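These are my notebook entries on what I looked up, entry by entry.

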Amino acid sequence: MQHPMPRVVPRPDLVRRVPQGFGWIDHRLRRDGFLAELTLEDLALYVFLVLAAGPDGVSWYRKETISAALALSWEQFEQARERLLDRELIAF
């Protein structure tokens, strides 16, 4: 039985460490094909909500604040929110 080649990290000095206040992004975005079907607005909203979430996974930012931070119109925000809800990537 042949052993696979050992994996070598090309830049060990750049290996990420989990900082305090870390927000994680669900692997389903890649694994389940969501990256190919979500719009940039959808992804921006998802990332914002992940980064703004507390330890319980909930973000308490107002819709107006999120829209302004992402430079989304009200319609763009609502459409992105609906697409994320439909795919069960967020609860709102």
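I began with Trp74 and Phe77, which both lie in helix 5, three residues apart, or about one turn of the helix. The model I am reading is a predicted one, and I keep that in mind for every entry below.

**Entry: burial of the two helix 5 rings.** I looked up the accessibility of each ring residue in turn. Phe77 has a relative accessibility of 0% and therefore counts as buried, whereas Trp74, at 42%, counts as partly exposed.

**Entry: aromatic pairs.** I then searched the whole structure for aromatic pairs, and the search returned three of them. For Phe48 and Tyr61 I found ring centres 5.2 Å apart and planes at 80°, and because planes over 60 degrees apart count as edge-to-face, I entered the pair under that heading. Phe48 belongs to helix 3 (residues 40-52), while Tyr61 sits in the loop between helix 3 and helix 4, so this pair ties together parts that are 13 residues apart in sequence. Phe48 is buried, with a relative accessible area of 16%, and Tyr61 is partly exposed, at 45%. Trp74 and Phe77 also form an aromatic pair, which is stacked, with 6.0 Å from centre to centre and 25° between the planes. I noted further that Trp74, Phe77 and Phe92 form one aromatic cluster, and that Arg81 lies over the face of Phe92, at 4.8 Å from the ring centre.

**Entry: helix 4 against helix 5.** At what angle do helix 4 and helix 5 pack? I read an angle of about 105° between helix 4 (residues 63-70) and helix 5 (residues 74-86), with their axes 10 Å apart. That makes helix 4 roughly perpendicular to helix 5. On the helix 4 side the residues are Lys63, Glu64, Ile66 and Ser67, and they meet Trp74, Phe77 and Glu78 of helix 5. Sorted by class, the residues of this contact are three nonpolar, one polar and three charged.

**Entry: Ser67.** I followed Ser67 separately; it is found in helix 4 and is buried, with a relative accessible area of 6%. When I left aside its neighbours within four places in sequence, I found Ser67 in contact with Leu72, Trp74 and Phe77.

**Entry: helix 3 against helix 5.** I next looked up the packing of helix 3 on helix 5, where the angle is about 75° and the axes are 9 Å apart. Helix 3 is thus also entered as roughly perpendicular to helix 5. From helix 3, the residues Glu41, Asp42, Leu45 and Tyr46 meet a list of helix 5 residues made up of Gln76, Phe77, Gln79, Ala80, Arg81, Arg83 and Leu84. By class, I recorded five nonpolar, two polar and four charged residues in the contact of helix 3 with helix 5.

**Entry: Leu70.** My last lookup was Leu70, which has its place in helix 4. Is Leu70 buried or partly exposed? With a relative accessible area of 22%, Leu70 is partly exposed, because buried would require a value under 20%. Not counting residues up to four places away in sequence, Leu70 touches Ala44, Leu45 and Phe48. I also took the C-alpha to C-alpha distance from Leu70 to Ala53, residues that are 17 apart in sequence, and it came to 16 Å.

How values were computed. Residues numbered from 1 in each chain as written. Predicted model: local features only at pLDDT ≥ 70, side-chain atom pairs only at ≥ 80, totals over all residues. Heavy atoms only, no water. Axes fitted to C-alpha atoms, helices over the stretch in contact; angles between N-to-C directions. Helix = DSSP H or I, 4+ residues; strand = E, 2+ residues; numbered from the N terminus. Parallel < 35°, antiparallel > 145°, perpendicular 65-115°, else oblique. Contact = heavy atoms within 4.5 Å. Nonpolar A, V, L, I, M, F, W, Y, C, P; charged D, E, K, R; others polar. Phe/Tyr/Trp six-rings, centres within 6.5 Å; stacked < 30°, edge-to-face > 60°. Buried < 20%, exposed > 50% of the residue type's maximum accessible area, 1.4 Å probe, protein only. Lys NZ or Arg CZ within 6 Å of the ring centre and 35° of its normal.
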